[in-house]
Every structure is written in structure tokens, then in C-alpha cells.
Amino acid sequence: MIVKPENMNFSDKKFSMIIYGSPGVGKTTLALSAPDPILLDFDRGISRVRAAHRKDTSVCNNYKEVCADINSPDMRNYQTVVIDTGGSFVTFLKEWAMEEKGAKTKSGEFNGLKGFGFVKSEWNRFTEDVKTRLNKNIIYVFHSNETADKDGNPVQRLVCEGSVRNTVWTPCDFGGYVQMIGDQRVICFTPEQEYFAKGCHGIQGKIAIPTLGPDDKNDFLTRLFEQAKANIQAENEAFAPVREQYDAAMAHANEIVRGVADVDSANAALAALQTLNHALTSKKEAAALLKAKTDSLGLKFDRVLNSYYVADLTAGGTAAQNG
């Protein structure tokens, strides 16, 4: 189904997100502040979340059980799937690749050379399935560890085996690094030398995460997602007049070009197209329409005289020779 920009509705848009940081900084509780979450607890860490902030949790022993829960009718009750942690999810996928894809050595160990290709492919398929078929937000929680770049500066990286850690960023809308600055916990959406991050839809920079008491509502990401959707809608509405101007210019351009039948009408069209109230790429597109039409009529353009002429196919004449 083709949807015009003015008819696009982002009120039900779903997001994918990475949250990472050092152990104990509150990543899981933060992830569970997303809309109607279910936790896939690969790390068996739900007990570390305060009882008041715990949510429904799937505790699975292997990837087949994960898929069974994801495809269960009960999944319709949730808007967000939280993976805790992405590193442990990779471990589950490695075991799956060994059993289902034969990605093991003769000694029965994981064959990384062969197996990580299956792991990455299934990771991407799983993420896309949750986002598109199930129409849910998906949040991956990762631990981080500190390494050094080529100049010896400390940098934070996801704790994740293999090249998967380099590909998980591509499909995500947001990537937030959680850290303590003084006594304030913040999530960072703009990359810096020390860490990678990813923001979009007006969500950027460092945002303070409120400290939760036992009776406080845990809804930080719910509000952030709503703000992102509101920003998308506001941008779409602000862009609408420009889009209308573009549509009007292209409608006139098509009408003008349809009337081109010879040299005189081609030159008249050239002048008329320049007077249109262009927007976005309409000027370039209108010129392409006129070129296609004049090419089909065997007309040539003289850049010096800024006009079309009938090409002399036998003598290779110029505009002056044919004028």
C-alpha cells in the first residue's frame, strides 16, 4: 500500500533500542520503563530489579523456548520486548547454531568461523520479526567494558561475542550509554570519544534519569518514546506546506512538458519551467522531464544560446546553423 506523506500516521510507531553501561547502573530497570514490557531474562537477573518495578518475565533454557514464548498468543498483551542481556542472547544463538545448523567443530565446540554468520543472520531476523510482524518495540540491554583506542584513550564497548557487536547498531533507532556523572545517572544519546551512542527524532545529548522510590512510576522510556513520536509528527506537519508546494510545482511541470511538440514549444516550456515556484527537488525533476521529452523529439540544447534546436543529423549543425 502506497501512503502519501500527508497521510502518514506515526502514533503507533515502534522503536528498537540499545541500552548499555557498567553492571549495577540500573539498565534493566530503565529498559522496563518502556511501554507494556515483557522481559526475556537470559541473564536470570530479574531478582536484582526492585519488586515494585518488576514486569512479566520469560525465563527460557534455549532458543527454541524463546521462539515459543515470542509466538505465544499471550505476546499480544505486550508492546515492548526487552532482551537482557544481548551478550547472553548471543550465547543462546550459538547453541542454536550448533544444534540446528551444524556449526560445531569435530570436537563438538562452536565453530566461530561458520557459526557467527548464522548467529548474525538469526539476530537480524528475530529483531525484524519483533518489530514488523509482532509490531513491538524491542530493547537490547548490554553490559559494557572499558578498553583503549589506538591512542590509549579509554572507550566503552558492548560486551558481546564475535562481530555481532558491530552489527547490532545498524537497525536500532536509539542507542543509549548509561553512566553516573557525579551522583546523577544519565543516558547519553550523542556519541563522544569515550562511547558510541545513537539518537534520532529529536532525542539526543545527555538526559537525566530520575531516581525511583518504591512508589514512583517507572515510565522514563514510555515518555521518551512518546516524545519521539510527537517530534516526528511535528516535523511532518511543519514539512506539509513545502510538500504541497513541491506537488503543485510538479503538477504544473508535467502539464507544461506535455505540451512540447517542436522547437518553439520546447523553448517556451524551458522559460515557463523557470518561473514555477519550485520546492525540494522539483526544479531538477522538471528539467529531467523536459530533457526526456526533447530527446524523444530529436531536439538538442545549445548551452551558449540557452535554447533548443533541431539537430542536423547529416552535417552535425549547431543552433546557429539550424536557426
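Start by selecting Arg223 and Asp219 in this predicted model. The two residues form a salt bridge, with their closest N and O atoms 3.1 Å apart. Colour them by accessibility and the partners part ways: Arg223 is partly exposed, at a relative accessible area of 44%, whereas Asp219 counts as buried, at 19%. The cut-off for buried is under 20%, so Asp219 falls on the buried side of it.

Keep the salt bridges in view, since a search of the whole structure finds eleven of them. Side chains of opposite charge can pair when their charged atoms come close.

Next, select Lys94 and Glu161. Here the closest N and O atoms of the salt bridge are 3.0 Å apart. Now show the backbone around them: Lys94 sits in helix α3 (residues 86–100), while Glu161 is in the loop between β6 (154–158) and α5 (164–167), so this pair ties together parts that are 67 residues apart in sequence. Lys94 counts as buried, with 15% relative accessibility, and Glu161 is partly exposed at 36%.

Move on to helix α8 (residues 282–296) and pick Asp295 and Lys291, which are four residues apart there, about one helical turn. They form a salt bridge too, with 2.8 Å between the closest N and O atoms. Asp295 is partly exposed, at 42% relative accessibility.

For the last stop, leave the charges behind and select Met1, Val3 and Met8. Together they make a nonpolar surface patch of about 350 Å². Met1 belongs to the segment before β1 (16–21), and Met1 is exposed, with a relative accessible area of 96%.

Technical notes:
Residues numbered from 1 in each chain as written. Predicted model: local features only at pLDDT ≥ 70, side-chain atom pairs only at ≥ 80, totals over all residues. Heavy atoms only, no water. Patch = residues over 30% accessible without salt bridge, like charges linked within 9 Å, V, L, I, M, F, W, Y side chains within 5 Å. Areas by Shrake-Rupley, 256 points an atom, 1.4 Å probe, with all protein chains shown as cover. Salt bridge = Lys/Arg side-chain N within 4 Å of Asp/Glu carboxyl O. Helix = DSSP H or I, 4+ residues; strand = E, 2+ residues; numbered from the N terminus. Buried < 20%, exposed > 50% of the residue type's maximum accessible area, 1.4 Å probe, protein only.
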